[in-house]
Amino acid sequence: MTQDELKQAVAQAAADHVAEHLPAGAILGVGTGSTANLFIAALAPIKARLGGAVASSEATRQRLEQLGIRVVDMNEVERLAIYVDGADEIDPGMSMIKGGGGALTREKIVAAVSDTFVCIADASKQVPVLGRFPLPVEVIPMAARQVARQLAALGGTPKLREGFVTDNGNLILDVHGLAITDPVAMETAINQMVGVVTNGLFAARGADLLLLGTAAGVQRLVRN
Ligand code: 5RP
C-alpha cells in the first residue's frame with residue numbers, strides 16, 4: 001500500500017470512531033495536515049450528526065466550511081470529547097512531534113480541552129525516539145534570534161522556516177538533530193524560553209488512541 005492509501009485507511013477508521021463514540025450533536029476537534037484533510041473528507045457521510053467542529057488552523061476551518069460543517073470558535077467551547085489529528089512522529093509512550101504544517105499552537109490549544117486525542121498516522125510516523133523529524137518551535141518574531149541561540153545550546157540546529165508565517169502571525173524555527181529521550185522535560189524546557197509561543201512536542205498531553213496505518217491494516221493502540 002502507498003503512504004496515501006495508509007493515510008486514507010486511518011482517516012476512515014477515525015471517522016468510524018467518531019460515528020461510534022461522539023455523542024450526537026457534540027462538537028468535534030479537527031486537526032491539520034494531509035491526513036487530517038482525508039479525515040475531514042471522510043466526515044461527509046456523518047456530518048449531520050455533528051453539532052459543529054473546532055478547527056486547529058485556518059486551512060482546516062476552510063475545508064470544514066466547504067463541507068458544510070459549522071465551525072465553532074474555541075472560546076465557545078469548554079470541553080471536547082474527541083480531537084482527531086495527525087502527527088509527524090509518535091513514540092511508544094504516545095508522545096508526538098507535531099507542527100510540520102505549522103499549526104502546532106492552535107493544535108495544542110484544541111488538544112488541551114479534549115478528553116480523547118485520536119492520532120491518525122501511517123506507519124512511517126512511528127519511531128522509537130522522537131527527533132529525526134525537525135522539532136517545530138513557534139516564536140514571536142522579535143525573539144527569533146535569541147530563542148535560536150538557546151535551542152542551539154540544547155544541542156539542536158535551529159533553522160528558520162523560510163517564507164512562513166503562522167496563523168498567529170509568528171515564525172517557526174525547525175530544530176534539527178535532537179534525540180528526544182525525555183519528551184516531557186524537553187517540551188517544558190523549550191516552553192520556558194522567553195519569546196517561545198509553544199513547541200511541537202505533544203508529550204505532557206500526548207495521544208490517547210493511535211490509529212496506525214500499516215500494510216496489515218489499521219492498528220488501534222491505546223495509551224497505558
Ligand atoms: C500540522 C501537523 C500535522 O498533523 C503533521 O504535520 C502531520 O501532517 P501530515 O498528516 O500531512 O503528515 O502537526 O501542524
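**Exercise 1. Helix packing**

How do the axes of α1 and α2 cross, and within what distance do they come? Work from the predicted model.

*Solution.*
Step 1. Two packed helices are described by the angle between their axes and the distance between the axes.
Step 2. For α1 and α2, the axes come within 8 Å. They cross at roughly 50 degrees.
Step 3. Classify the angle. Angles under 35 degrees count as roughly parallel, and 65 to 115 as roughly perpendicular. α1 and α2 are therefore oblique to each other.
Step 4. Add the hand: the crossing of α1 and α2 is right-handed.
Step 5. List the contact residues. From α1 come Asp4, Lys7, Gln8, Val10, Ala11, Gln12, Ala14, Ala15 and Val18. From α2 come Ser34, Thr35, Leu38, Phe39 and Ala42.
Step 6. Sort them by class. The contact of α1 with α2 has eight nonpolar, four polar and two charged residues.

**Exercise 2. The largest nonpolar core**

Find which residues of the largest nonpolar core touch the most other members, and which elements give two or more residues to this core.

*Solution.*
Step 1. Recall the general trend: in soluble globular proteins, nonpolar side chains tend to be buried together.
Step 2. The largest nonpolar core has 26 residues. Val18, Leu28, Phe39, Val84 and Ile120 touch the most other members.
Step 3. Two or more residues come from each of α1 (3-21), β1 (27-30), α2 (34-42), β2 (52-55), β3 (80-85), β6 (114-122) and β12 (209-214).
Step 4. α1 gives the largest share of this core, six residues.
Step 5. Apart from this core lies another, of 21 residues. Its members include Leu135, Val139, Leu178 and Ile190.
Step 6. Go back to Ile120. Setting aside residues up to four places away in sequence, Ile120 touches Val10, Ala14, Thr35, Ala36, Phe39, Val84, Asp85, Gly86, Ala87 and Leu211.

**Exercise 3. Two glutamates**

Decide for glutamate 107 and for glutamate 58: buried, partly exposed or exposed?

*Solution.*
Step 1. Place them. Glutamate 107 is in helix α4 (residues 104-112). Glutamate 58 is in helix α3 (residues 58-66).
Step 2. Apply the cut-off: buried means under 20% relative accessible area, exposed over 50%.
Step 3. Glutamate 107 has 3% relative accessibility, so this residue counts as buried. Glutamate 58 has 28%, so this residue is partly exposed.
Step 4. Check the contacts, leaving aside neighbours within four places in sequence. Glutamate 107 is in contact with Thr32, Ser56, Tyr83, Asp85, Lys98, Gly99 and Phe202. Glutamate 58, counted likewise, touches Arg106 and Asp167.

Methods. Residues are numbered from 1 along each chain as its sequence is written. This is a predicted model: local features need pLDDT of at least 70, side-chain atom pairs count only at pLDDT 80 or more; totals for chains, interfaces and linings use all residues. Side-chain values use heavy atoms; hydrogens and water are left out. A nonpolar core is a set of buried Ala, Val, Leu, Ile, Met, Phe, Trp, Tyr and Cys residues joined through side-chain atoms within 4.5 Å. Buried means under 20% relative accessible area, exposed over 50%, partly exposed in between (1.4 Å probe, protein chains only). Helices (H or I, at least four residues) and strands (E, at least two) are DSSP runs, numbered from the N terminus. Contact means heavy atoms within 4.5 Å. Axes are lines fitted to C-alpha atoms, for helices over the stretch in contact, and angles run from 0 to 180 degrees between N-to-C directions. Angles under 35 degrees count as roughly parallel, over 145 as roughly antiparallel, 65 to 115 as roughly perpendicular and the rest as oblique. A crossing is left-handed if the near helix is turned anticlockwise from the far one by less than a right angle, and right-handed if clockwise. Ala, Val, Leu, Ile, Met, Phe, Trp, Tyr, Cys and Pro count as nonpolar, Asp, Glu, Lys and Arg as charged, and the others, Gly among them, as polar.
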